Amino acid sequence: MSKVLIQFAHPTHSKSNVQKTLEKYARKVKGVTFNDLYEHYPDLFIDIKREQQLLAKHDIIVFQHPFYWYSSPPILKQWQDLVLEYNWAYGPKGQALKGKKIFNAVSCGGGRDAYTSSGYNRFPVGQYLLPFNQTAYLCRMDYLPPFVVHETYTIEDYTLKAYGEQYAELLDALVNDRIDPAELAGVEYLNELFPH
């Protein structure tokens, strides 16, 4: 069994029906720790040792956040800058995160077709997440495809519920080591492993 740590970042969480739904389903999965960064650090003064200890205790890290200007809310950048220290997370002696898995679970206002070369946003979601992918590589982690919820401004309740169930299925499969790395070949979104 694996332990999953969700590093949650949403500065206006109370206003996000999508993120509240994903949180509700994630919290039901045994083996998942939900760490709300804005709740713990409203002043952005991040407790580096606490965060490093959390990372050390978990096998899989999830950055769960809305897509803000094709990236994440600012606390995640602050978190990376402070917590992923040289010779701890990376560098010649930086072995603390080696072999752990990591991915982003994001919500986007635009539809999937908007994130294509011919779409409004011109690039796939995965390209906008390349800095996270490269950070994982530098820290000797395995970066997985993202879990993505699209059309958050117009999403219907039944569709949102299906996303929540899909997210819980994914997290449960990760906790129970039921995802074969070979299954990830050619997968753009982790959602594809659990069709609804």
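**Exercise 1. Which residues of β3 point one way, which the other way, and are they buried or exposed?**

Let's work through this predicted model together.

*Step 1.* Start with one face of the strand: Ile60, Val62, Gln64 and Pro66 point one way from β3.

*Step 2.* Now turn to the other face, where you will find Ile61, Phe63 and His65.

*Step 3.* Check the cover on both faces: all of these residues are buried. Buried here means under 20% relative accessible area.

*Step 4.* Put this together for the strand, which spans residues 60–66: 7 of its 7 residues are buried, so β3 is largely enclosed by the rest of the structure.

**Exercise 2. Find the strands that pair with β3, and follow the chain from β3 to β4.**

*Step 1.* Look at β1: this strand pairs with β3 in the parallel sense, over 5 bridges. As an example, glutamine 7 has phenylalanine 63 of β3 as its bridge partner.

*Step 2.* Look next at β4, residues 101–107: 7 bridges join this strand to β3, and the two run parallel. Here glutamine 64 has alanine 105 in β4 as its bridge partner.

*Step 3.* Trace the connection. The chain leaves β3, passes through helix α4 (residues 74–83) and arrives at β4, making a right-handed β-α-β crossover.

**Exercise 3. Describe β1 and β2, their cover and their connection.**

*Step 1.* Begin with the cover of β1: 5 of its 5 residues are buried. Val4, Ile6 and Phe8 point one way from β1, while Leu5 and Gln7 point the other way.

*Step 2.* Move on to β2, residues 32–36. In this strand 4 of the 5 residues are buried, so β2 is largely enclosed by the rest of the structure.

*Step 3.* Join the two: β1 (residues 4–8) and β2 run parallel and are linked by 5 bridges. Phenylalanine 8 stands opposite aspartate 36 in β2.

*Step 4.* Follow the chain between them. From β1 it goes through helix α1 (residues 17–27) to β2, and this β-α-β crossover is right-handed.

**Exercise 4. How many disulfides does a search of the whole structure find?**

*Step 1.* Recall the idea: a disulfide is a covalent bond between the sulfur atoms of two cysteines.

*Step 2.* Read off the result: the search finds 0 disulfides.

*Step 3.* Have a look at two cysteines. Cysteine 108 has 1% relative accessibility, so this residue counts as buried. Cysteine 139 is buried too, because its relative accessible area is 2%.

**Exercise 5. Step back and describe the whole protein.**

*Step 1.* Count the elements: the protein has 7 helices and 6 strands. Starting at the N terminus, their order is β-α-β-α-α-β-α-β-α-α-β-β-α.

*Step 2.* Compare the radius of gyration with the expected value. A compact globule of 196 residues would have one near 16 Å; the protein has 16 Å, so the two agree. Its C-alpha atoms fill a box of roughly 45 × 40 × 35 Å along the principal axes.

*Step 3.* Consider the inside and the surface. Of the 196 residues, 51% are buried. The protein exposes about 10100 Å², and carbon and sulfur atoms supply 53% of that area.

*Step 4.* Finish with contacts. Among those between residues at least 6 apart in sequence, 76% join residues at least 24 apart.

Technical notes
Residues numbered from 1 in each chain as written. Predicted model: local features only at pLDDT ≥ 70, side-chain atom pairs only at ≥ 80, totals over all residues. Heavy atoms only, no water. Buried < 20%, exposed > 50% of the residue type's maximum accessible area, 1.4 Å probe, protein only. Helix = DSSP H or I, 4+ residues; strand = E, 2+ residues; numbered from the N terminus. Pairing = 2+ DSSP bridges. Right-handed = clockwise from strand over helix to strand, strands pointing away. Rg over C-alpha atoms; globule rule 2.2 N^0.38 Å. Contact = heavy atoms within 4.5 Å. Areas by Shrake-Rupley, 256 points an atom, 1.4 Å probe, with all protein chains shown as cover. Disulfide = S-S within 2.5 Å.
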